[in-house]
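Subject: Structure for you to look at

Hello,

Here is the structure I said I would pass on. My notes follow below it.

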Amino acid sequence: MTDNAADVRGDSGPGVAQLVASRVLDVPDFPKPGIVFKDLMPLFSDGDVFRQVIDEIIKHHGADSFDVVAGVEARGFILAAAVAYATGKGVVPIRKAGKLPRAVFSCSYALEYGEATLEVHQDAFIAGQRVLVLDDVLATGGTAGAALDLVEQAGGTISGFTVPLELSFLNGRDRLTPRTVHAMLTV
Ligand code: AMP
């Protein structure tokens, strides 16, 4: 965790960025040597901070700007379910390959540490439904790009995309251009 307020920035301002920074743990060499894993479990497990993060996501986008919330497996589920519940919307899981039981759209992509495929049910969205997409960390942008593409492939319209934490040195935001990224903390 970091306490240095001078270093923190994010799309919701320095106060929110500092809040997130105070609840992120750096785990060196996980899941493999050379990767610094950003663990957001302290943020999720602190009830007051978790609520502030969820409230900020809703405030940033506006509860009327989306019809449904999509979360990217697995940590995106935690954020998506909370935002969906707080706003009375539904939640749609974007899952890793082979987990969803019915007909899916699939998208494969390169990760910071490997390769992966995401899937969404073909009937997950009503045509034109506005979808707020949530994940925990934006790294290279491969995951987010695949998730956003899948939402559109399944007939949804992207209303917004939020992550609590963005690793700016991996340029994920550039890769997602012209889509807008809301990152609460950018490191
Ligand atoms: P990417 O596709 O490279 O943007 O990676 C983003 C996805 O991988 C997110 O779902 C994150 O949960 C996970 N991820 C990638 N790099 C990290 C990291 N350094 N720390 C924690 N999670 C990461």
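To begin with a single residue, Asn171 has a relative accessible area of 44%, so it counts as partly exposed. Asn171 sits in the loop between E9 and H6. Its phi is near 60°, a positive value in a residue other than glycine. Please keep in mind throughout that this is a predicted model.

A second residue of this kind is Asp29, which is not a glycine but has a positive phi of about 60°. Asp29 belongs to the loop between strand E1 (25–28) and strand E2 (36–39).

The chain overall

The chain contains 6 helices and 10 strands. Its radius of gyration is 16 Å, close to the 16 Å given by the globule rule for 187 residues, so the chain is as compact as a globular protein of that length. The C-alpha trace spans about 45 × 40 × 30 Å along its principal axes.

Of the 187 residues, 47% count as buried. The accessible surface of the chain is about 8,700 Å², and carbon and sulfur atoms account for 53% of that surface. If we take the contacts between residues at least 6 apart in sequence, 58% of them join residues at least 24 apart. As for charge, the chain has 16 positive and 23 negative charges, and the mean positions of the two sets are 3 Å apart.

Helix H3

Helix H3 covers residues 47–61. At 1.5 Å a residue, its 15 residues should span 21 Å, and the end C-alpha atoms are 22 Å apart, which agrees.

Which residues of H3 are buried? They are Val49, Phe50, Val53, Ile54, Glu56, Ile57, Ile58 and His61. In an α-helix there are 3.6 residues a turn, so residues three or four places apart point the same way. That is worth having in mind when you look along the helix.

The buried residues of H3 pack against three helices and three strands, namely helix H1 (14–21), helix H2 (41–45), helix H4 (75–87), strand E7 (130–134), strand E9 (157–166) and strand E10 (182–186).

Asp55 is also in helix H3, but at 42% relative accessibility it counts as partly exposed. The C-alpha atom of Asp55 is separated by 14 Å from that of Val69, which is 14 residues away along the chain.

Gly145 in helix H5

Is Gly145, in helix H5 (residues 142–153), buried or exposed? Its relative accessibility is 15%, and the cut-off for buried is under 20%, so Gly145 counts as buried. Leaving aside residues up to four places away in sequence, Gly145 touches Leu176 and Arg179. Between Gly145 and Gly160, 15 residues apart along the chain, the C-alpha separation is 13 Å.

Cis peptide bonds

Two places in the backbone should be checked by eye. One cis peptide bond joins Glu73 and Ala74, with omega about -5°. Ala74 lies in the loop between strand E3 (68–72) and H4. H4 is also one of the helices that the buried residues of H3 pack against.

Another cis peptide bond joins Thr177 and Pro178, where omega is about 10°. Pro178 is in the loop between helix H6 (172–176) and E10. E10, in turn, is among the strands packed against by the buried residues of H3.

Regards

Notes:
Residues are numbered from 1 along each chain as its sequence is written. This is a predicted model: local features need pLDDT of at least 70, side-chain atom pairs count only at pLDDT 80 or more; totals for chains, interfaces and linings use all residues. Side-chain values use heavy atoms; hydrogens and water are left out. Helices (H or I, at least four residues) and strands (E, at least two) are DSSP runs, numbered from the N terminus. The radius of gyration is taken over C-alpha atoms; the globule rule is 2.2 Å times the number of residues to the power 0.38. Buried means under 20% relative accessible area, exposed over 50%, partly exposed in between (1.4 Å probe, protein chains only). Contact means heavy atoms within 4.5 Å. Accessible areas come from the Shrake-Rupley method with a 1.4 Å probe; for residues, only the protein chains shown count as cover. Lys and Arg count as positive and Asp and Glu as negative; His and the chain ends are not counted. The place of a charge is taken as NZ of Lys, CZ of Arg, CG of Asp or CD of Glu. The expected span of a helix is 1.5 Å times one less than its number of residues.
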